[in-house]
Amino acid sequence: MTASPDDLTSVTVGQFFPYSAERVWHAITSPASISDWTTDIGRDSVAAGKTFGFTTFPMPEVNFGGHGDCEFTDVVPNERLAYRFTTPESSLDLQATWTLHPESGGTRLLVVHNGFDVANPIHDRLRILVRDLWTLVMSRIGELMAEPPDDAGPPPDDATSFSLAEFYPYPPQTVWQVVTSKEFVGDLVNDHDLGPVHTGERLSVTTYPIPIVGFGGRVDMEFLEVREPELIVSAFEIPIMGGTTALTMTWRLRPLDGGTQLWFTLSGFDPQSPLNRQVRSVLRGGAIPVLSRLGELLEGRGHRT
């Protein structure tokens, strides 16, 4: 991920993808990508002058109720996509512009979001939120373009779940020991009461609250199925804007030549709920560094195959 320097009226986020501009364009205009944020637009509606609604988390601190009205202002397939974003509260009037830049071996995708009011201190916070949002969107775009693995594994991502995979050059038992260690869990949360990882055991964790979605920061989990050193399935619930979403977390470990293939899957999202779809994107983005941290802890323990 790269981001060019911004002035205080804009945010710029970019990423290089090892794919053609045509393929990147297909991803950013695909129903799977668009449906994370809106339900009233499809690929055929991506044209200058077309309008659509945008739904996301309310942000009272910036006088944003969670809904925006958008209009495409410039559409050049495989090159450029721009739209204007306004709110019913008349609190925001912003412009987002995507540009695709062919480079050796792929395409650099940039999004520039401008129109922030330097004189409005609330917009300082808004710029940070928008930058985080576009970082997650870039991750989702990369996910849509990723080739499925050649070998058998969990089913491909859909609107109800996501799966991440990583190969570690260590035997399954070593990977298992780190995944189930208090050190690893403690790196992910502020507090926990991890005990034995057995079927039927429970685990409570405390992390940062997210008031914007009604999450108080505490999660109670139950291990539904544990098979050492192959499988961990646990269930938990999180509140989202007054409702509750029940999620299932799965870790799968498979021995492969030279090490272990690990799959991490989180499932149970409601594809009919715009907020559920966005929580899915947020949690997927947060899971990526988790697998990186697992690799760091494994390197500290050694015991390569």
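What follows is a walk through two sheets of a predicted model, the helices that lie on them, and a few individual residues.

We can start with the sheet of six strands. It is an open sheet, and its strands come in the order E1-E6-E5-E4-E3-E2 with antiparallel pairing. The edges are taken by strand E1 (10–17) and strand E2 (51–55); each has a single partner strand, so one side of each is left without a neighbour in the sheet. Going from strand to neighbouring strand, the average turn is 25°, direction ignored. Strands in a sheet are held to each other by backbone hydrogen bonds, in either a parallel or an antiparallel arrangement. In the middle of the order, strand E4 (residues 80–86) runs antiparallel to E5, and seven bridges join the two. One of the residue pairs here is Phe85 with its bridge partner Leu94 in E5.

Two helices sit against this sheet. H1 lies across E1, strand E3 (67–76), E4, E5 and strand E6 (106–114), and it runs at about 150° to E5. H3 packs on the sheet as well, touching E1, E4, E5 and E6, with its direction at about 20° to that of E1. The two helices also meet each other. A pair of packed helices is described by the angle between the axes and by how far apart the axes are. For H1 and helix H3 (residues 122–145), the angle is about 115° and the axes are 9 Å apart. On the H1 side, the contact is made by Arg23, Val24, Ala27 and Ile28, while H3 brings in Ile141, Leu144 and Met145. Sorted by class, that makes six nonpolar residues, no polar ones and one charged one. As for handedness, H1 and H3 cross in the right-handed sense.

Leu100 gives a close-up of how H1 and the sheet come together. This residue belongs to strand E5 (residues 93–103), and its relative accessibility is 6%, so it counts as buried, the cut-off being under 20%. Leaving aside residues up to four places away in sequence, Leu100 touches Ala21, Val24, Trp25, Ile28, Asn78, Glu79, Arg80, Thr107, Arg108 and Leu109. Asn78, one of these contacts, is 22 residues away from Leu100 in sequence, yet the C-alpha atoms of the two are 6.7 Å apart.

Just past H1 comes Thr29, in the loop between helix H1 (21–28) and helix H2 (31–34). Is this loop residue buried or exposed? With a relative accessible area of 2%, Thr29 is buried. The side chain of Thr29 reaches back to the backbone oxygen of Trp25, at 2.8 Å. Trp25 is also among the residues that Leu100 touches.

The other sheet has seven strands. It too is described as open, with antiparallel pairing and the order E7-E13-E12-E11-E10-E9-E8. Its edge strands are E7 and strand E8 (191–192), each of which pairs on one side only. Between E7 and E12 in that order comes E13. Eight of the nine residues of strand E13 (residues 259–267) are buried, so the strand is largely enclosed by the rest of the structure.

Both partners of E13 run antiparallel to it. Strand E7 (residues 161–168) pairs with E13 over eight bridges, and Glu166 stands opposite Leu262 in E13. With strand E12 (residues 243–256), E13 shares nine bridges, and here Pro255 stands opposite Thr260 in E13. E12 and E13 form a hairpin with two residues between the strands, where Gly258 takes a positive phi near 85°. Further along the sheet, strand E9 (residues 202–206) and strand E10 (residues 218–227) run antiparallel and are joined by five bridges; Leu203 stands opposite Met221 in E10.

This sheet has a helix across it as well. Helix H4 (residues 172–179) lies across E7, E10, strand E11 (231–240), E12 and E13, and its direction is at about 150° to E12.

Last comes Glu299, in helix H6 (residues 274–301). Its relative accessibility is 56%, so Glu299 counts as exposed. Tyr170 is 129 residues from Glu299 in sequence, but the two are 9.1 Å apart in space, C-alpha to C-alpha.

Conventions: Residues are numbered from 1 along each chain as its sequence is written. This is a predicted model: local features need pLDDT of at least 70, side-chain atom pairs count only at pLDDT 80 or more; totals for chains, interfaces and linings use all residues. Side-chain values use heavy atoms; hydrogens and water are left out. Helices (H or I, at least four residues) and strands (E, at least two) are DSSP runs, numbered from the N terminus. Buried means under 20% relative accessible area, exposed over 50%, partly exposed in between (1.4 Å probe, protein chains only). A polar contact is a pair of N or O atoms within 3.5 Å; within protein, one must be able to donate a hydrogen and the other to accept it, and residues adjacent in sequence count only if both atoms are side-chain atoms. Two strands pair if DSSP finds at least two bridges between them. Contact means heavy atoms within 4.5 Å. Axes are lines fitted to C-alpha atoms, for helices over the stretch in contact, and angles run from 0 to 180 degrees between N-to-C directions. A crossing is left-handed if the near helix is turned anticlockwise from the far one by less than a right angle, and right-handed if clockwise. Ala, Val, Leu, Ile, Met, Phe, Trp, Tyr, Cys and Pro count as nonpolar, Asp, Glu, Lys and Arg as charged, and the others, Gly among them, as polar.
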